[in-house]
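Hello,

Here is the structure we talked about handing over. Please have a look at it alongside the notes below.

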Amino acid sequence: METSGKVAIVTGAGAGIGAALARRLVDGGARVVVADLNADAAAEVAGGIGANAVAVGGDVADEQVILALIERAEAEFGPVDLYFANAGIGGGPGLESTDEQWSAALEVNVLAHVRAARLLVPGWVERGAGYFVTTASAAGLLTQIGSAPYSVTKHAAVGFAEWLSVTYGDKGIRVSCVCPMGVDTKLLSGDLIPDDAEAAALAIKAVTTAGAVLTPERVAEDIVDGVADERFLILPHPEVLDMYRFKGSDYDRWLAGMRRFQDALRG
């Protein structure tokens, strides 16, 4: 799918990958609803883009907010062609993570995607076209040292994207799943595990030592290229595919290697 002339919603677009993606989409001829929990940040991004972007603030895990995004897109630009489920949060560390931390990660990283698809996919099936793009993480294919909620919910995000593609791929619905490693965003500067400095430091070190830290603009470019090619897995860090293949080829050896890696990081 070419994005020129299309109408898109990008969540988590007040900063980071989402903001870069909104700018790149408009540069390529799309019209975009910039959505973020931080309404001021969304407005600033949309204002900097121009007339082909509008801002909506709100919690994109809330079905009523998602509905408002869709209605605003339709009112300003027309029917939604692409939905970029990009908003994401970290969570707690390990077994000591609270139920509230687990619930928050599940809401934003997984159920927000489910609710958006529930509202959009039936209409897309009727039209015979639509594109759902999930921003997951390499953690969704591998794991995230230091954070159980982040790792588990990103696995779930990948799983839901797979299910969408299998279930609706022959009905005109395209699905992509973005799985980067380190990207220069707030998550990598401490927001991954905001309430546990030690676990956050371990998680960030695991990411930054595993590969290059990319700019949001580079990732946005990769996403647009992946959508144009209609690739399911969009991997800004290509080495993630080799890691994933190794994991599948010998799971026990991979787990042992990850434990050694974790020990080395702590040491």
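**Helix packing and the sheet**

The crossing of H1 and H7 is right-handed. Keep in mind that this is a predicted model.

First, the helix pair. H1 covers residues 16-27 and H7 covers residues 216-229. Their axes are 8 Å apart, and the packing angle is about 55°. That angle makes H1 oblique to H7, because oblique takes in what is neither roughly parallel (under 35 degrees), roughly antiparallel (over 145) nor roughly perpendicular (65 to 115).

On the H1 side, the contact uses Gly16, Ile17, Ala20, Leu21, Arg23, Arg24 and Leu25. H7 meets them with Pro216, Glu217, Val219, Ala220, Glu221, Ile223 and Val224. By class, the contact residues are nine nonpolar, one polar and four charged.

Now the sheet. It is open and has seven strands, with parallel pairing. The order is S3-S2-S1-S4-S5-S6-S7. S3 (53-57) and S7 (233-234) are the edge strands; each has a single partner strand, so one side of each lacks a neighbour in the sheet.

Within the sheet, S1 (residues 7-10) and S4 (residues 82-85) run parallel and are joined by three bridges. Val10 has Phe84 in S4 as its bridge partner.

Two further helices belong with the sheet. H4 (residues 99-127) packs on it and touches S4, S5 (130-135) and S6 (173-178). The direction of H4 makes about 165° with that of S5. H3 (residues 63-76) lies across S1, S2 (31-36), S3 and S4. H3 runs at about 160° to S3.

Best wishes

Note on methods:
Residues numbered from 1 in each chain as written. Predicted model: local features only at pLDDT ≥ 70, side-chain atom pairs only at ≥ 80, totals over all residues. Heavy atoms only, no water. Pairing = 2+ DSSP bridges. Helix = DSSP H or I, 4+ residues; strand = E, 2+ residues; numbered from the N terminus. Contact = heavy atoms within 4.5 Å. Axes fitted to C-alpha atoms, helices over the stretch in contact; angles between N-to-C directions. Left-handed = near helix turned anticlockwise from the far one by under 90°. Nonpolar A, V, L, I, M, F, W, Y, C, P; charged D, E, K, R; others polar.
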